[in-house]
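Colleague: I would love a close look at one part of this protein, with its surroundings filled in afterwards. Could you walk me through it in plain words?

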Amino acid sequence: MRKVLLTKKLSDANLALLRSIPDVACVNVPEGDNEAFLKEIMDADAVLLSTAFQITREVLGTAPGLKVISRTGVGVDNVDVLASTQKGVLVLNTPEANSISVAEHTVAMIAAVSKQLLYYDHEMRKGNFKVRRLNLCVDMEGKTLGLVGCGKIGRLVAKKCALAFGMKTVGYDPFIPEDIDGIRIFKNIEDIFKNADYISLHMPLTAETKNMVGERLISLMKPTAYLINTARGGVVDEAALASKLKDKAIAGAAFDVFSTEPPSQGNPLFGLQNTILTPHTAALTNECTERVAHEAVMGIADYLSGRTPKYVFNKELIIAKMQ
Ligand SMILES: NC(=O)c1ccc[n+]([C@@H]2O[C@H](COP(=O)([O-])OP(=O)(O)OC[C@H]3O[C@@H](n4cnc5c(N)ncnc54)[C@H](O)[C@@H]3O)[C@@H](O)[C@H]2O)c1
């Protein structure tokens, strides 16, 4: 019997998929029960891993039969990938399952800041109907979207903004040299910040992108422009942004991600009228959580059925096997 350790409650359909594989037994550990996790992983062949548990080199050392770790989500920061690769353990992730949901959330944020939905709602409930003429909102039709990072999510946002609002898109991405999918690629990031009406961030958090959007770039933005961040909190200098928002040097911002999560009550973005904040929920829709779980289950099912899983993070193991 091959043991699949599940660290997340699965839907009946996903559970049935795993159970349909010959010679497989599934064992659940409750989310957060680290003691049970450390005990159950010792004789597991595969683990479906949520963010709630860590697989360190030490944990790998206690699980000699482990062959595959399938992460529900894109990030594999709770897995020691190097140690896994050295031990020949495949690390899988689900890089495409959440693109649609994050793109939808981004477009919803663009619409919500433009139409000041939260502000109007708040004022209405206070009895301030007059706000309708005192603080006008803006249209999106024909405006320019500026992307930093033109990967899966950025391109979906561009497509949705073009179809819904007739927006045109310019983008900066050091790994995409030419215009792509209707996005006009600019060679330098400054031109994006100078020209766009909405700057939407979709790059990964790396040593290079950490605090990349700070005082210098924000100063280049039009006073009517908005900054949207559904990528990672660490890519923006929040204090610099808050200062610009306070001075009304830019029109507004919408953030789903924060430099520290959960953010402290002292976060400089709190308490500003022209911002919309959501608690890292862009990918947490009903459909998306099901898609992510399904992709993670499929990775394990493929491996246990002798097929190559679709999304292998440590691809070098697959390449080495083929040589
Ligand atoms: N809010 C959420 O819940 C949520 C969910 C999923 C993903 N994300 C974030 O969204 C980001 C984009 O995801 P994706 O699926 O589109 O990834 P992706 O890998 O398809 O695209 C990322 C793009 O960023 C580009 N890039 C890398 N370095 C850059 C730089 N210095 N400047 C500009 N661009 C750069 C890459 O070339 C790539 O095209 C991810 O980094 C992830 O952290 C957030």
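**A close look at lysine 160**

Modeller: Happy to! Lysine 160 sits in helix α8, which covers residues 152–165. Please keep in mind that this is a predicted model. Lysine 160 has a relative accessibility of 27% and therefore counts as partly exposed; the partly exposed class lies between 20% and 50%. Once its neighbours within four places in sequence are set aside, lysine 160 is in contact with Ala103, Glu104, Val107 and Phe165. Take glutamate 104 from that set: it is 56 residues from lysine 160 in sequence, yet their C-alpha atoms are 8.1 Å apart in space.

From here we can move on to a pocket. The second largest pocket has a volume of about 570 Å³. It is lined by 27 residues, and the closest to its centre are Gln116, Tyr119, Gln273, Asn274 and Thr275. The elements giving two or more residues to this lining are α5 (99–114), α6 (117–125) and β12 (275–277). Of these, α6 gives the most, with 4 residues.

Asparagine 135 is a useful next stop. It is found in the loop between α7 (131–134) and β6 (144–148). Leaving out residues up to four places away in sequence, asparagine 135 touches Gln116, Tyr119, Tyr120 and Gln273. Gln116, Tyr119 and Gln273 are also among the residues closest to the centre of the second largest pocket. With a relative accessible area of 22%, asparagine 135 is partly exposed. For a sense of span, the C-alpha atoms of asparagine 135 and glutamine 86 are separated by 60 Å, although the two are 49 residues apart along the chain.

Proline 95 is worth a visit too. Its place is in the loop between β5 (90–92) and α5. Proline 95 has 18% relative accessibility, so it counts as buried; the cut-off for that class is under 20%. Not counting residues up to four places away in sequence, proline 95 touches Val74, Lys152, Glu295 and Tyr311. Its C-alpha atom is separated by 14 Å from that of alanine 231, which is 136 residues away along the chain.

A few backbone details deserve your eye as well. Most residues other than glycine have a negative phi, and most peptide bonds are trans. Glutamate 261 and proline 262 are joined by a cis peptide bond, with omega about -5°. Proline 262 belongs to the loop between β11 (252–255) and β12. Aspartate 23 has a positive phi, near 70°, and lies in the loop between α1 (12–19) and β2 (24–28). Its relative accessibility of 49% makes aspartate 23 partly exposed. Aspartate 181 also has a positive phi, near 45°, and is placed in the loop between β7 (168–172) and β8 (183–185). At 59% relative accessibility, aspartate 181 counts as exposed.

Finally, here is the whole chain around these spots. The protein has 13 helices and 12 strands, and its C-alpha atoms fill a box of roughly 70 × 45 × 35 Å along the principal axes. Of its 323 residues, 48% are buried. Among contacts between residues at least 6 apart in sequence, 60% join residues at least 24 apart. The accessible surface comes to about 16,200 Å², and carbon and sulfur atoms account for 56% of it. There are 37 positive and 36 negative side chains, and the centres of the two sets lie 4 Å apart.

Technical notes
Residues numbered from 1 in each chain as written. Predicted model: local features only at pLDDT ≥ 70, side-chain atom pairs only at ≥ 80, totals over all residues. Heavy atoms only, no water. Buried < 20%, exposed > 50% of the residue type's maximum accessible area, 1.4 Å probe, protein only. Contact = heavy atoms within 4.5 Å. Areas by Shrake-Rupley, 256 points an atom, 1.4 Å probe, with all protein chains shown as cover. Lys, Arg positive; Asp, Glu negative; His and termini not counted. Charge placed at Lys NZ, Arg CZ, Asp CG, Glu CD. 1 Å grid on protein atoms, 1.4 Å probe; cavity = no way out; pocket = protein on both sides within 12 Å on 5 of 7 lines; lining within 4 Å. Points joined across faces, edges and corners; volume = space filled by probe spheres on them.
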